[in-house]
Amino acid sequence: MKPPPPLNYIRSFECSARHLSFTEAASELGYTQAAISNHVRALEQYLGRQLFIRYPRSLKLTEMGEAFLPTLRQALNQIDFATEAVLASARNKTVVISCPTSLAENWLARCVAGFSRKHPDVEILLHGTIWEDSTEQIADILISIRRFDNMPASGMQLWNDRLVLLCAPKLVHGQNAVRTPADVLKSNWIAVHGRQEFWQEMADALGIDASANDKRLSTNSTNIALEMAASGAGCIVTTQSLARTYVDRGLLVEPFQIRTRSAWNYYLAEGQASKGTTVSKVRDWIIAEAQKVIG
């Protein structure tokens with residue numbers, strides 16, 4: 001087997017792809033333009049495939065470059081996070097929290113901001129994850145989302161979540177308004193990959209036939225789905241914990257007061273290498289704020 005390509009080749013390619021310029025990548029990474037170009041060319045030789053189409057003053061990714069880039073970016077993000085987390089572990093008052101991105105960008109961001117105002121001496125490193133990743137070794141506090149039939153062996157459930165149906169305020173008025181459950185069948189249904197069952201559960205609660213709707217939009221991110229719904233793209237079924245921010249801000253409304261229990265819930269656990277009282281202080285704050293989530 002070939003040894004893996006040097007990491008600086010990978011970083012040079014990612015940065016060049018982001019800027020579509022060897023010159024700008026050189027400025028960001030502290031190399032010469034020639035060095036960046038040589039790194040990328042060496043990576044192309046290693047792969048045996050061209051990653052860029054080179055024009056006199058610009059670059060364009062090839063199909064192989066487009067396909068290669070997302071995985072590399074995710075890997076580099078994990079490397080950067082792991083490095084920062086290891087450095088943070090040497091600082092006694094730094095707490096590393098790993099949490100699904102949807103909750104990290106939504107409720108947990110506000111929760112951490114509140115803690116920081118009360119305890120400015122404690123540094124928090126918040127890492128948003130997509131699906132699940134291997135952060136158990138470096139995170140002090142881990143929050144995960146699991147289905148009831150796949151609960152973690154250890155950890156505390158933060159709240160009992162419920163599913164809610166939401167749409168933009170403008171969709172409950174006008175000619176094609178969502179006023180009855182039957183009207184939902186005429187709307188676009190916005191779904192999140194891995195959570196398609198939410199719609200079936202809500203359809204059962206509303207007493208409508210889910211198979212009668214053929215207008216679907218989907219994404220891999222709950223927050224993207226919420227933004228789509230807030231823009232008037234259709235209706236969404238999601239957990240109340242993630243919907244609450246949008247409802248409080250008036251961006252989304254519930255056309256019907258029908259909620260059903262969610263099969264998915266968030267769980268909190270401590271990492272393997274805890275920092276004692278500092279981590280406990282953050283954990284206790286999160287648990288206390290969690291009690292306010294589902295009213």
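Let me begin with one contact: the charged end of Arg195 sits over the ring of Trp264, 3.7 Å from its centre. By that phrase I mean that NZ of Lys or CZ of Arg is within 6 Å of the ring centre and within 35 degrees of the ring normal. A second such case is Arg249, whose charged end sits over the ring of Tyr246 at 5.7 Å from its centre.

Before going further, I should say that this is a predicted model, in which local features need pLDDT of at least 70 and side-chain atom pairs count only at pLDDT 80 or more, while totals for chains, interfaces and linings use all residues. Residues are numbered from 1 along each chain as its sequence is written, and side-chain values use heavy atoms, with hydrogens and water left out.

Now to the overall picture. The protein has 11 helices and 12 strands; these are DSSP runs numbered from the N terminus, helices being H or I with at least four residues and strands E with at least two. Its C-alpha atoms fill a box of roughly 65 × 50 × 35 Å along the principal axes. Of the 295 residues, 44% are buried, where buried means under 20% relative accessible area, exposed over 50%, and partly exposed in between, with a 1.4 Å probe and protein chains only. Taking contact to mean heavy atoms within 4.5 Å, residues 24 or more positions apart account for 77% of the contacts with a separation of 6 or more.

I turn next to the sheet. Five strands form an open sheet of mixed pairing, in the order 4-3-5-12-6; two strands pair if DSSP finds at least two bridges between them. Strand 4 (123–129) and strand 6 (156–157) are at the edges with a single partner strand each, so one side of each has no neighbour in the sheet. Further in, strand 5 (residues 141–147) pairs with strand 12 (residues 264–270) in the antiparallel sense, over seven bridges. Trp264, the residue beneath Arg195 in my opening contact, is the bridge partner in strand 12 of Arg147.

What of the interior? A nonpolar core here is a set of buried Ala, Val, Leu, Ile, Met, Phe, Trp, Tyr and Cys residues joined through side-chain atoms within 4.5 Å. The largest one has 57 residues, and those touching the most other members are Trp107, Leu108, Ile143, Trp159, Leu165, Val184 and Ile286. Apart from it lies another core of 17 residues, among them Ile10, Phe13, Cys15 and Val40.

Trp159 deserves a closer look. Beyond its neighbours within four places in sequence, Trp159 is in contact with residues including Leu103, Trp107, Tyr266 and Ile294. Ile294 belongs to the segment after helix 11 (277–290), and it counts as buried because its relative accessibility is 18%. Although Ile294 and Trp159 are 135 residues apart along the chain, their C-alpha atoms are separated by 7.0 Å. Setting aside the same sequence window, Ile294 also contacts Asn160, Asp161, Arg162, Gln240, Ser241 and Arg244.

Let us consider the aromatic rings. There are seven aromatic pairs; rings of Phe, Tyr and Trp (its six-membered ring) pair if their centres lie within 6.5 Å, and planes under 30 degrees apart count as stacked, over 60 as edge-to-face and the rest as tilted. Trp189 and Trp199 are stacked, 4.1 Å centre to centre with 5° between the planes. Because Trp189 lies in strand 8 (residues 189–192) and Trp199 in helix 8 (residues 197–206), the pair ties together parts 10 residues apart in sequence. Trp189 is buried at 0% relative accessibility, and Trp199 is buried at 5%. Elsewhere, ring pairs link Phe13, Phe22, Phe52 and Phe68 into a cluster.

Phe13 leads me to the helices. Helix 1 (residues 7–19) has 13 residues and reaches 18 Å between its end C-alpha atoms, close to the 18 Å expected, that expectation being 1.5 Å times one less than the number of residues. Its buried residues include Ile10, Phe13, Glu14 and Cys15. Which residues does Glu14 contact, leaving aside its neighbours within four places in sequence? They are Leu69, Arg73 and Leu76. Glu14 counts as buried because its relative accessible area is 10%. Leu20, which follows helix 1, has a positive phi near 50°.

Finally, helix 3 (residues 33–47) has 15 residues, and its end C-alpha atoms are 21 Å apart, in agreement with the expected span. Val40 is one of the buried residues of helix 3. Just after helix 3, Gly48 takes a positive phi of about 75°.
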